[in-house]
Amino acid sequence: MTHKVLIATRSFGSTSHKPVKMLHNAGCDLVNADMSLEMTEERLIDLLKGVAAAIVGVVPMTAYVLENAHDLKVVSAHGVGVDHIDLVAAARLGIAIANCPGANAASVSDLTIGLMIAIARNIPSVDRKLRQNQWGRHQGSELFQKTLGIIGLGHIGMGVAKRAMGFDMKVLVHDPYVHSVPKELPEIQSVSFEDVLRRADFVSLHVPLNDETRNMIGPAELSAMKPGAYLINTARGGLVDEQALFNALTKREIAGAAFDGFVHEPPTNSPLLGLDNIVVTPHIGAHTKESIERVGVVAAQNVINTLKGKEPLYRVK
Ligand code: NAD
């Protein structure tokens, strides 16, 4: 029996044919959404007609969309974040939701360290100046023996902690759901949220976006950070109050920030883009050829398992 599978993400299968082949071999008929067009709820409902499974990027899988997707059995996020999927509605409707934990962690961890160095050494800003014939030799800061505060010690938080050790950084972590320091990283110290903010030279966010974490960094948290500290966000826009961040960066309450996620993507007209002490990237954390292949394979397997009547590889609870 042929199953229609909607692909609503730009990157699925773009660096390797493996995930596409897996779906074809399992008898799936792929429907590729044109991702250059805006993905409204109405468009998504239309695309989901007769579709049994969907592999999706950050598209609005709202209750309204899920309620109108009458043949849908499974949605696999093409990544780890599921903040764009209404999990409560999916559970009510019996639609399995799956994701790809850990499959993109190496790429996001690499980018996090890259952004830390980029902002601490002002790489994008001096690059822009040099192209305008300005030999502006900005004095930066080292990562060496600085304190890194990681909020959220999951796959990516761990990847960042491991890499930071290579820079001889002291690593503090805050994760209320991780009750002991992982055996492979005995040097890291588990502390309170307030302690991370108060003590870290670099604060890096690696938590999911949900009702508990939305705006977890606002005016009070930014004021609690050291004046010379940097805030790195390769997790999700929405974790940080962007107006408060703009104020803190403008008043130099913190030294700088580096962000790969924004409340509105793209962040057109955001005042943050006018500041020199923030480095911005367009949600590229997971965009490496290696990560895209690994995520694609897991997402395809999530779909295949479910369509065969089994559990997806990684069901989101
Ligand atoms: P993960 O599920 O492995 O880890 C998340 C960790 O956050 C868990 O250990 C959890 O206990 C912890 N956590 C949850 N609520 C918390 C809180 N209130 N305070 C502190 N810790 C809390 O996920 P991951 O693979 O490490 O990814 C983390 C996030 O990064 C994802 O949810 C996703 O939104 C984001 N992400 C972004 C990109 C990108 O392209 N920039 C790519 C992948 C993931």
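Which residue has a polar backbone atom 3.4 Å from an oxygen atom of the ligand? In this predicted model, in which local features need pLDDT of at least 70, side-chain atom pairs count only at pLDDT 80 or more and totals for chains, interfaces and linings use all residues, one such residue is Gly154. Residues are numbered from 1 along each chain as its sequence is written, and side-chain values use heavy atoms, with hydrogens and water left out.

A polar backbone atom of Ala286 is likewise placed 3.4 Å from an oxygen atom of the ligand, and for Gly285 a backbone N or O atom lies 3.5 Å from a ligand oxygen, a polar contact being a pair of N or O atoms within 3.5 Å. Of the 860 Å² of accessible area that the ligand has on its own, the protein covers 88% (Shrake-Rupley method, 1.4 Å probe). The ligand is surrounded by 25 residues, the closest being His155, Ile156, Asp175, Thr234 and Asp260, where a residue is counted if one of its heavy atoms lies within 4 Å. This shell divides into 11 nonpolar, 10 polar and 4 charged residues, with Gly among those taken as polar and Asp, Glu, Lys and Arg as charged.

Helix 5, a DSSP run of H or I with at least four residues, comprises the 16 residues 105-120 and reaches 22 Å from its first C-alpha to its last, close to the 22 Å expected at 1.5 Å a residue, a span calculated as 1.5 Å times one less than the number of residues. The helix is mostly covered, with 12 of its 16 residues buried (under 20% relative accessible area, 1.4 Å probe, protein chains only); among them are Val108, Leu111, Leu115 and Ile119. Just after helix 5, Asn122 adopts a positive phi of about 55°.

Technical notes: Polar contact = N/O pair within 3.5 Å; in protein donor to acceptor, adjacent residues only side chain to side chain. Helix = DSSP H or I, 4+ residues; strand = E, 2+ residues; numbered from the N terminus. Buried < 20%, exposed > 50% of the residue type's maximum accessible area, 1.4 Å probe, protein only.
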